[in-house]
Amino acid sequence: MWNRQDLISKAEKLKPELKHMTVRPVFRDGVRTLESETSIVLDFGNHYVGYFSFSASTEGSHQDAPALLRINFCESERELDEENDDYNGWISKSWIQEELIHVDDFSALVHLNRRYAFRYVKIEAISLSSKYNIVIEDAYADTVTSADDNSVEVFGNNDLERELDKVSIRTLRNCMQEVFEDGPKRDRRLWMGDLRLQALSNYATFKDFNLVKRCLYLFAGCADDEGRIPACLFISPNIVGDDTYMFDYSLFFIATLRDYMQYSGDEESVRELLPAAIRQWELSKERFNGEDLIPDSDEIGWCFLDWNLDLNKQAGAQFVYIYSLKALKEIFIQLNELERLPELEEEIEAKTNAARKFLWDENKGLFVSGADRQISYATQSWAILADVLNGPQDYFELMNRLSKHGDTCPMITPYMNHVYVEALISAGMKEEAYIHMCYYWGGMVREGADTFYELYDPNDPNQSPYGSCTVNSYCHAWSCTPTYFLRIRHLTNGE
């Protein structure tokens with residue numbers, strides 16, 4: 001077992017210094033005066049992460065009673081109209097960005113200590129004395145990020161491409177804090193699935209290799225006693241791994257390490273982290289049955305793939321395993337670590353043959369998953385990325401059959417839509433990939449998004465997996481990849 005505490009210590013030495021910037025809002029409708037039971041909205045003009053302060057005075061008679069204020073921080077304009085008291089979702093209401101404060105004396109600056117993610121700030125006077133009103137004199141945010149804003153210029157060959165790139169960069173930037181957070185509003189922690197995609201976009205833009213390295217060291221350092229890497233890490237008040245373990249997220253440590261090696265050239269760190277990557281292979285292998293097929297499971301959260309409770313995960317998990325082992329093979333070859341290469345190649349072949357034998361529906365010409373032989377976008381996309389057939393022509397035909405199939409389990413998140421676009425590119429369908437990128441992420445742009453969302457359904461923008469979009473994250477790491485597609489995959493103008 002590798003020295004976990006040593007890896008965490010090395011990660012802490014890579015902790016970035018946060019960059020601060022003061023930004024001020026405009027007052028919508030020019031209103032600065034608050035009477036009892038009225039509100040004002042401040043628009044900061046873009047999405048920011050940081051700390052809010054304001055100064056105010058009173059008009060009328062002396063302030064003879066405290067002011068009771070409710071302050072709401074909203075990432076999107078739709079949140080301004082949410083009735084937070086009505087929230088009845090299944091995750092904690094404490095994620096709602098709301099402060100209820102008493103102000104006894106407006107002669108001093110009012111400073112809120114908690115960090116928020118927002119574009120809009122709504123200040124509501126719940127109750128004042130009839131003797132006075134409040135006049136907001138000044139308001140500002142001390143914003144924070146570890147990204148270097150001066151290192152990236154917006155890229156694109158037309159207005160939509162430039163907007164997609166700009167919003168992607170803003171999304172990534174605001175998630176770059178002491179680690180790559182999944183969302184600065186919620187959950188504000190380090191998730192492996194998000195990290196893999198954030199790192200790809202980072203290589204295309206900010207090129208902060210140390211932040212990726214820090215996150216990889218933290219994940220390996222927070223492995224459990226068996227060496228399992230958790231799905232996510234908590235960063236505050238102490239660095240600790242969650243007790244959630246997902247089949248695909250643990251394996252993505254391998255792919256993320258491979259990508260880091262390719263883009264950074266830092267073979268020394270990859271060699272140090274290689275035992276953790278190998279251990280994810282060994283532990284994942286234990287889930288397979290005697291026919292080299294991963295059994296289906298009803299356990300919620302055993303494998304993620306997408307935020308769709310109807311999605312069967314069996315086939316997708318098999319393909320993620322093959323994909324990850326091929327990434328490990330690349331690491332072995334690059335580092336000249338060849339002792340276990342034959343074993344690895346034998347494992348890849350066995351699991352690929354099992355997928356072809358048990359998961360391929362000859363009549364439909366598509367891969368199926370689970371006892372009900374479900375057809376899904378997730379299954380076909382991961383089959384292509386795992387390269388389990390015979391190259392682009394097979395995948396081109398598979399994707400065409402998928403597009404005509406009537407009963408297909410859909411995609412829910414930008415996370416899965418990223419995988420789908422990658423699969424289209426691998427199938428030689430760059431025009432279709434470009435069209436889908438512009439349709440899906442472009443839909444958020446057309447809605448006025450400053451940052452890309454955690455979840456987006458073009459047919460139902462208010463959808464939420466939590467029972468209410470009040471707690472949806474409108475700046476979420478796994479949605480930041482159009483900049484990667486534009487810059488590294490050259491997905492521009494349909495080329």
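Leaving aside its neighbours within four places in sequence, which residues is L68 in contact with? This and the exercises below concern a predicted model, in which local features need pLDDT of at least 70 and side-chain atom pairs count only at pLDDT 80 or more, while totals for chains, interfaces and linings use all residues. Residues are numbered from 1 along each chain as its sequence is written, and side-chain values use heavy atoms, with hydrogens and water left out.

**Exercise 1. Describe the surroundings of L68.**

Task: locate L68, classify its exposure and list its contacts.

Step 1. L68 belongs to strand β5, residues 67-74. Strands (E, at least two residues) and helices (H or I, at least four) are DSSP runs numbered from the N terminus.

Step 2. The relative accessibility of L68 is 19%, so the residue counts as buried. The classes are buried under 20% relative accessible area, exposed over 50% and partly exposed in between, with a 1.4 Å probe and protein chains only.

Step 3. With neighbours within four places in sequence left aside, L68 is in contact with L100, I101, H102, E124, A125, I126 and S127. Contact means heavy atoms within 4.5 Å.

Step 4. For a long-range distance, take S264, which is 196 residues from L68 along the chain; the C-alpha atoms of the two are separated by 52 Å.

**Exercise 2. Describe the packing of α7 against α8.**

Task: give the crossing angle, orientation, handedness and composition of the contact between α7 and α8.

Step 1. Two packed helices are described by the angle between their axes and the distance between the axes. The axes of α7 and α8 come within 10 Å and cross at roughly 160°. Axes are lines fitted to C-alpha atoms, for helices over the stretch in contact, and angles run from 0 to 180 degrees between N-to-C directions.

Step 2. The angle therefore makes α7 roughly antiparallel to α8. Angles under 35 degrees count as roughly parallel, over 145 as roughly antiparallel, 65 to 115 as roughly perpendicular and the rest as oblique.

Step 3. The crossing of α7 and α8 is left-handed. This term applies if the near helix is turned anticlockwise from the far one by less than a right angle; clockwise gives right-handed.

Step 4. On the α7 side the contact includes Q318, F319, Y321 and I322, and on the α8 side it includes L341, L344, E345 and E347. The contact residues of α7 and α8 divide into 12 nonpolar, 2 polar and 5 charged. Here Ala, Val, Leu, Ile, Met, Phe, Trp, Tyr, Cys and Pro count as nonpolar, Asp, Glu, Lys and Arg as charged, and the others, Gly among them, as polar.

**Exercise 3. Repeat the analysis for α2 and α12.**

Task: describe the contact of α2 with α12 in the terms of Exercise 2.

Step 1. Helix α2 covers residues 159-175 and helix α12 residues 430-446; their axes come within 10 Å and cross at roughly 65°. That angle makes α2 roughly perpendicular to α12.

Step 2. The crossing of α2 and α12 is left-handed. The contact is made by L160, E161, E163, L164 and V167 of α2 with Y434, M437, C438, W441, G442, V445 and R446 of α12. These residues divide into 8 nonpolar, 1 polar and 3 charged.

Step 3. N493, in the segment after α13 (482-487), is in contact with N157, N158, E161 and Y434 when neighbours within four places are left aside. N493 is partly exposed, with a relative accessible area of 40%.

**Exercise 4. Describe the nonpolar cores.**

Task: state how many residues the largest nonpolar core has and which helix gives the most to it.

Step 1. A nonpolar core is a set of buried Ala, Val, Leu, Ile, Met, Phe, Trp, Tyr and Cys residues joined through side-chain atoms within 4.5 Å. The largest one has 130 residues, and Y249, F253, F319 and M399 have the most contacts inside it.

Step 2. Helix α7 (residues 314-335) gives the most to this core, with 13 residues.

Step 3. Another core, of 30 residues, lies apart from it and has L69, F73, Y132 and I136 among its members.

**Exercise 5. Find backbone exceptions.**

Task: locate the cis peptide bonds R186 to D187 and S236 to P237.

Step 1. The bond from R186 to D187 is cis, with omega near 20°, and D187 sits in the loop between α2 and β10 (190-191).

Step 2. The bond joining S236 and P237 is cis, with omega about 0°; P237 is in the loop between β11 (232-234) and β12 (240-241).
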